[in-house]
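Reader: Could you walk me through this one? I would like to start with the nucleic acid and then move on to the protein interior.

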There are 2 protein chains.
Amino acid sequence: MGTVDKALSLLDFFSESRPEIGLSELARMAGYDKATVLRLMTALADRGFVEQNVKTRDFRLGPALLRLAHIREASLPQRASAQPILERMSAESGETVHLLLLGKNHLETIDFIEASAHAMRVYMDAGERIPLHASASGLACLAHMPVEEARTALSGALRSYTDHTITDASRILSHLDNVRKTGIAEIDQAFEDGVYGMAGPIFASDGSVTGAVGIATPSSRVTDAFRSKAHKIIRKAASDITRAWGGVAPEAGNEETAA
Amino acid sequence: MGTVDKALSLLDFFSESRPEIGLSELARMAGYDKATVLRLMTALADRGFVEQNVKTRDFRLGPALLRLAHIREASLPQRASAQPILERMSAESGETVHLLLLGKNHLETIDFIEASAHAMRVYMDAGERIPLHASASGLACLAHMPVEEARTALSGALRSYTDHTITDASRILSHLDNVRKTGIAEIDQAFEDGVYGMAGPIFASDGSVTGAVGIATPSSRVTDAFRSKAHKIIRKAASDITRAWGGVAPEAGNEETAA
DNA sequence: ACCAGCGGTTCAAATATTAAACCGATAGAT
DNA sequence: ATCTATCGGTTTAATATTTGAACCGCTGGT
């Protein structure tokens with residue numbers, strides 16, 4: 001396997017709740033040799049992708065990431081242009097809302113707003129990576145990509161996150177028809193216990209799916225009335241963001257055949 | 001040299017003014033073989049650090065950068081906490097202001113606000129990398145790092161950006177005394193023609209310099225009156241940001257001896 | 001005073017990286 | 001309509017880099 005991939009994979013161990021990691025621990029987490037991790041991290045540090053806490057020598061994500069994110073956002077302002085739409089979703093639903101972009105085999109969280117209306121709410125970690133098979137947003141994406149792609153995306157071993165996670169690829173695939181019909185993917189406690197997720201797809205200019213917007217609620221608060229209200233909010237938001245990003249939703253019925 | 005370093009170096013060719021680059025051209029720019037660049041870019045794309053425009057197959061920076069930047073900013077909100085101070089600087093000076101973080105051998109632009117008061121203003125590219133030896137901010141940093149570090153930072157070949165760029169390390173080093181005395185680094189047209197720069201250092205909690213804030217003005221507009229006004233604004237901003245980030249300015253006179 | 005764990009270094013063995021030639025496809029010029 | 005140059009991408013044998021076990025000195029807890 002590539003060295004570059006190994007180096008980049010190390011960055012994924014950092015999160016909002018775990019912003020600093022020492023050398024030995026990182027090596028343990030990643031399953032690489034300590035010397036290897038040191039060399040990789042040194043390379044990353046030389047380019048500013050990570051930096052070291054001078055006191056503890058622990059690593060944390062570096063300033064180069066801010067710089068590069070800034071460049072991307074300057075030429076492709078997805079986050080900024082979606083923000084008012086997310087805010088409207090948040091205000092209308094009162095629940096935690098989030099915006100995800102479709103990566104190679106997972107979703108990248110690029111923005112979210114936590115629930116304002118309830119003391120009990122769904123919390124999110126900044127910059128989480130979300131699996132396709134165990135989230136409403138993931139299902140929304142899978143449902144709208146070419147079937148072959150979806151099949152290969154689900155071909156590996158599917159990790160179970162809760163008792164409710166569906167790890168059988170064919171069962172997931174058979175759900176997708178319904179997602180396509182309603183335009184909304186819905187799933188209960190597949191990624192986190194007690195969290196109910198609903199999401200809709202966002203499309204690029206060529207009609208392919210590029211991400212998803214969704215609402216995350218405590219499962220205990222979900223009623224049919226709330227669900228249908230949430231569906232409306234999500235459908236509107238997904239279509240607004242698609243438009244804001246210069247995308248177009250494919251004609252219904254045409255999309256599965258897209259190669 | 002490391003493969004990881006090569007891969008990461010490719011990301012630096014993307015900028016606000018050049019957000020998408022094709023394979024062959026990137027290979028030419030970087031001076032690497034096309035096959036090599038392809039492999040490296042594929043590795044980066046697999047992790048979402050770059051993505052390909054499906055139409056043109058050109059590369060652009062990817063969504064993973066947004067995600068990781070989000071994580072860093074969530075646990076170390078430097079940009080957010082400095083923003084009001086930058087805004088005040090911008091309002092008070094009427095000129096373009098910027099905030100840079102010190103990386104391994106250069107500065108990373110993490111935020112800026114372009115001049116509001118003048119039609120002729122200094123424009124900045126989002127996410128530029130700035131050399132230490134050819135910018136006021138760079139001199140501000142060099143002046144406040146341990147002398148040995150500054151000397152090694154200037155030991156390589158110093159690139160000339162304009163006719164005014166000083167490329168002689170010892171001449172730069174001898175300027176630094178004055179920077180330390182006044183707390184402000186100042187330089188005319190060292191990085192871009194017609195741009196006059198002034199900047200002050202930002203310190204970390206251990207008293208080491210971690211970045212700089214500065215003002216960039218068209219050289220033609222600089223007067224002594226403006227300079228002394230700008231110095232005041234910068235000194236205040238630098239000290240406010242240092243404090244906002246939990247840093248402390250070292251005692252004057254003690255800092256050069258810090259090892 | 002000890003021990004366990006830390007960050008970091010070393011070097012021979014193992015493995016991944018490289019670059020030139022080549023491919024089919026595309027687009028502009030003649 | 002045909003040529004030509006360039007594109008993105010693939011293959012190969014030759015090569016340079018990566019790897020990991022053992023080891024270092026150091027620090028903090030018992």
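Author: What follows goes through the DNA contacts, the nonpolar cores and one loop residue, and it all rests on a predicted model.

Reader: Which residues sit closest to DNA strand C?

Author: Of the 18 residues that surround DNA strand C, the closest are A:Leu23, A:Ser24, A:Arg28, A:Arg57 and B:Arg39. Among the atoms of that strand that come within 4 Å of the protein, sugar and phosphate account for 70%.

Reader: And which helices supply that surface near strand C?

Author: At least two residues each come from α2 (23-30) and α3 (34-46) of chain A and from α1 (3-11) and α3 (34-46) of chain B. By class, the surface near DNA strand C holds 5 nonpolar, 7 polar and 6 charged residues.

Reader: What does the side chain of A:Lys34 approach on strand C?

Author: An N or O atom of the A:Lys34 side chain is 2.8 Å from a base oxygen of DNA strand C. The side chain of A:Arg57, by contrast, has an N or O atom 2.5 Å from a phosphate oxygen of that strand, and a polar side-chain atom of B:Lys6 lies 3.0 Å from a phosphate oxygen there.

Reader: OK, now DNA strand D: which residues come nearest?

Author: Around DNA strand D there are 18 residues, of which A:Asp33, A:Arg39, B:Ser24, B:Lys34 and B:Arg57 come nearest. For this strand, sugar and phosphate make up 69% of the atoms that come within 4 Å of the protein. Phosphate oxygens of DNA strand D lie 2.9 Å from a polar side-chain atom of A:Lys6, 2.9 Å from one of B:Thr3, and 2.6 Å from an N or O atom in the side chain of B:Arg57.

Reader: Switching topic, how many residues are in the largest nonpolar core?

Author: That core has 51 residues, and those touching the most other members are A:Met89, A:Leu99, A:Val213, B:Met89, B:Leu99 and B:Val213. A second, separate core has 48 residues, including A:Ala30, A:Ala45, B:Leu26 and B:Phe59.

Reader: Last one: is A:Gln189 buried or exposed?

Author: A:Gln189 counts as buried because its relative accessible area is 15%, which is under the 20% cut-off. A:Gln189 is placed in the loop between β6 (185-188) and β7 (195-203) of chain A.

Reader: What does its side chain reach?

Author: The A:Gln189 side chain reaches the backbone nitrogen of A:Gly194 at 2.9 Å and makes a polar contact with the side chain of A:Asp188 at 3.3 Å.

Methods
Residues are numbered from 1 along each chain as its sequence is written. Chains are lettered from A and ligands numbered from 1 in the order in which they are written. This is a predicted model: local features need pLDDT of at least 70, side-chain atom pairs count only at pLDDT 80 or more; totals for chains, interfaces and linings use all residues. Side-chain values use heavy atoms; hydrogens and water are left out. A residue is near a molecule or strand if one of its heavy atoms lies within 4 Å of it. A polar contact is a pair of N or O atoms within 3.5 Å; within protein, one must be able to donate a hydrogen and the other to accept it, and residues adjacent in sequence count only if both atoms are side-chain atoms. Helices (H or I, at least four residues) and strands (E, at least two) are DSSP runs, numbered from the N terminus. Ala, Val, Leu, Ile, Met, Phe, Trp, Tyr, Cys and Pro count as nonpolar, Asp, Glu, Lys and Arg as charged, and the others, Gly among them, as polar. A nonpolar core is a set of buried Ala, Val, Leu, Ile, Met, Phe, Trp, Tyr and Cys residues joined through side-chain atoms within 4.5 Å. Buried means under 20% relative accessible area, exposed over 50%, partly exposed in between (1.4 Å probe, protein chains only).
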